[in-house]
Amino acid sequence: MNPVSYRPEAGIAWITIDYPPVNAMSLAVRDGLLKAVRAAEADNHTRGIILCAGRTFVAGGDISEFGHPPQEPHLPDVYNVLEASQITWLAAMHGTVLGGGLELAMACDFRIADPNTRFGLPEVSLGLVPGAGGTQRIPRLVGVELAVDLTTSGRMIKAPEFLQAGGLDRLVEGDLATAAIEFMNTAGDAPQRVSERQIAPISDDYFTSQKPKVVKAAKGAAAPLHNLDAVQWATQTPFNEGQPRERALHLQLRDSEQSVALRHAFFAERAVSKPKILTGSNARDFSHITIVGGGLMGTGIAAACLNAGLQVHILEVDDAAASAAQQRTGKLLEGALQRGKISQQQFDEQGAGLTSGTDYRAAAKTDIAIEAVVEDLQVKRKVFQSLAQHMSSEAIIATNTSYINPLEISEGVSNPSRIVGLHFFSPAHIMKLLEIINTPDTSGEVLATAFAFAKKLRKIGALSGICDGFIGNRMLAAYRRQSDYLLADGATPQQIDSAIRDFGLPMGPYELQDLTGLQIGWANRKRLAPTRDPAQRYIPIADKLCEQGRFGQRSGSGWYRYESGSRTPIADPAVDEIITQWADRQGTQRREFSAQQIQQSLLAVLANEGACILQEGIAERALDIDMVKIHGYGYPRWRGGPMHTAEQLGVDVIKATLAEVTAQSPDSWTIAEIYQ
Ligand code: COA
């Protein structure tokens with residue numbers, strides 16, 4: 001079927017783009033559109049064209065084509081031909097008008113849209129600049145400031161705001177097609193083409209003053225600055241010079257490591273919710289959620305569920321705890337209201353969906369119960385048994401444990417096919433990741449429901465099998481272990497933290513431990529001590545800090561010290577002393593590590609742990625691991641996740657680095673098959 005149809009009607013013709021799922025500007029669409037433009041030009045009766053689309057207006061270039069050489073007709077050429085034609089073009093839009101879609105709209109003479117339409121130039125989030133005139137037309141249409149905002153952030157703006165900025169001619173309540181005809185019949189002469197418009201003057205130092213802000217917000221990504229530069233060209237050169245320059249940069253960036261990584265992340269974010277194991281399974285409906293435990297985690301989960309429009313009941317040990325939990329959740333909703341994330345009406349509705357109490361009988365009509373109590377097997381077991389006693393034997397019982405095997409928690413509970421792990425990350429109403437832990441007994445329907453639940457909460461659900469720490473915390477443990485080996489052998493906490501920040505994570509391992517507190521890790525190490533391989537190198541420096549009451553920021557000191565009331569880590573000679581004294585006693589020859597050595601060795605252990613996780617079948621695909629690290633642990637999206645980075649570096653580089661890592665700490669690492 002032709003994705004672009006041309007239908008002439010008394011002087012006005014319709015061109016409709018219908019190429020599911022999102023009308024991306026694939027080769028067939030570009031070709032079809034160019035042919036339609038030619039047909040309209042050849043048709044003497046056509047004076048105007050209404051350009052519209054199927055499920056949504058065009059949502060951009062076809063990202064899946066970006067890894068291949070570009071094929072004619074190229075997008076900017078099609079739009080330039082369209083803009084130069086003598087016919088009057090009206091873009092009648094709904095849905096999401098993104099990237100190549102907005103570029104198409106800007107090549108038209110008029111633009112009208114349904115009020116719910118959203119507009120954006122998200123190429124920056126794919127490591128690119130727009131490739132079909134986006135950065136050159138947008139400042140000519142809506143001014144430099146909004147142009148810089150949209151192109152460097154990639155954010156979407158809603159139709160009313162776009163109208164106000166001059167991006168649209170009209171908002172259409174009601175039928176878009178009828179309004180489009182009426183508009184064309186009364187519009188009069190077409191205004192000056194966008195590409196020929198003058199840009200409103202802006203102060204000389206505007207771009208210089210924007211640069212540091214853009215670099216800061218980019219957190220290591222290169223594309224935001226490229227977009228800023230490209231918008232600046234529009235202020236300095238005519239369109240016919242700026243546009244080819246933008247195109248050349250777009251093509252160059254397509255081959256950049258960052259763009260390849262960001263495209264990997266884009267497709268992985270969509271593939272992660274479709275693991276093979278779900279094939280043939282359908283999710284159940286759910287509306288009532290019970291959360292056991294109203295602490296930091298439980299209330300964060302409650303807020304996330306309420307934000308998604310679900311009914312929530314929090315179970316606590318006594319009335320005081322129950323009402324405290326309810327209040328804490330209410331505070332989180334208030335925060336969302338204050339930040340403009342939800343309206344007053346949503347706030348009221350969500351608040352009304354929350355109840356709390358102490359009686360497990362309230363769980364009787366729950367669809368999904370989530371236990372979020374202390375990380376203690378016996379306590380969790382008791383919670384599961386109480387839930388099972390009162391819930392229907394089909395209803396889902398989930399644990400939010402970070403480490404404990406869900407099979408042990410659910411021992412003795414009837415119908416094990418309804419047991420699943422739902423591992424949230426703190427703060428649970430904000431963090432995007434939800435690890436979904438599959439036990440050997442979990443049914444396909446329950447797993448599918450867990451994924452539907454993640455989607456409902458607008459989270460990224462990633463499937464993990466059972467192992468200590470599941471995917472995320474197991475990877476974290478390997479990364480921390482290697483950090484400690486580096487520390488023991490000569491690096492300082494500051495050097496490691498700064499190397500990791502330079503790599504693109506928001507924080508290094510030691511400042512992060514100080515922020516979250518050292519107690520949990522300490523308890524975990526004690527838990528694992530009896531089963532730890534005695535041959536494995538063990539660095540007790542964190543234990544020594546804990547023994548001295550250095551638990552991190554909240555106790556005033558940890559890996560760093562903190563001045564009262566401040567969160568800024570200050571290097572502490574006392575910590576260096578603890579490290580060097582211990583290393584001396586061990587007879588360790590301390591040496592220098594460069595930032596690159598630190599980064600590469602930590603990446604190598606992550607890649608190796610990930611490869612072991614894959615080999616053991618804990619993760620189905622490397623992309624699941626990448627999504628866990630990006631959305632739960634701050635791994636830079638523009639690096640695509642550790643498995644992707646490792647693949648880009650190549651097996652030989654990782655192998656060579658792992659050889660150094662194992663020479664540094666013999667008998668301490670299991671090396672995955674692919675790196676042997
Ligand atoms: N090129 C190729 N494929 C695209 C695409 C694009 N520009 N935009 C979306 N898709 C694909 C997705 O990969 C997904 O495929 P799948 O079903 O095989 O997983 C499918 O279209 C639906 O996309 P999805 O994101 O799941 O749908 P949605 O309704 O939630 O969101 C959009 C729709 C358009 C908002 C979202 O897909 C999006 O932001 N797309 C990217 C837009 C963009 O960056 N454009 C500029 C490109 S230079």
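Student: What makes the pair formed by a ligand nitrogen atom and a polar backbone atom of Ala59 a polar contact?

Tutor: In this predicted model, the two atoms are 3.0 Å apart. A polar contact needs N or O atoms within 3.5 Å, so this pair qualifies.

Student: Which other backbone atom pairs up with a nitrogen of the ligand?

Tutor: Try Ile63: a polar backbone atom there is 2.9 Å from a ligand nitrogen. That's within 3.5 Å, so call this one a polar contact too.

Student: And how do you know that the side chain of Lys274 makes a polar contact with the ligand?

Tutor: Use the cut-off again. An N or O atom in the Lys274 side chain is 2.8 Å from a ligand oxygen, and that is within 3.5 Å, so it counts.

Student: How much of the ligand's accessible area does the protein cover?

Tutor: The protein covers 70% of the 860 Å² that the ligand has on its own.

Student: Which element gives the most residues to the shell around the ligand?

Tutor: That's α11, with 3 residues. As for the make-up of the shell, it has 11 nonpolar, 3 polar and 5 charged residues.

Student: On to cysteines. How do you know that Cys467 is in no disulfide?

Tutor: Well, the whole structure has 0 disulfides. For Cys467, the nearest cysteine sulfur belongs to Cys612 and is 11 Å away. A disulfide needs sulfurs within 2.5 Å, so this pair doesn't make one.

Student: Why is Cys467 called buried?

Tutor: Its relative accessible area is 12%. Buried means under 20%, so Cys467 fits.

Student: And what makes Cys546 buried?

Tutor: Here the relative accessible area is 2%. That is under 20%, so Cys546 is buried as well.

Key: Residues are numbered from 1 along each chain as its sequence is written. This is a predicted model: local features need pLDDT of at least 70, side-chain atom pairs count only at pLDDT 80 or more; totals for chains, interfaces and linings use all residues. Side-chain values use heavy atoms; hydrogens and water are left out. A polar contact is a pair of N or O atoms within 3.5 Å; within protein, one must be able to donate a hydrogen and the other to accept it, and residues adjacent in sequence count only if both atoms are side-chain atoms. Accessible areas come from the Shrake-Rupley method with a 1.4 Å probe; for residues, only the protein chains shown count as cover. Helices (H or I, at least four residues) and strands (E, at least two) are DSSP runs, numbered from the N terminus. Ala, Val, Leu, Ile, Met, Phe, Trp, Tyr, Cys and Pro count as nonpolar, Asp, Glu, Lys and Arg as charged, and the others, Gly among them, as polar. Buried means under 20% relative accessible area, exposed over 50%, partly exposed in between (1.4 Å probe, protein chains only).
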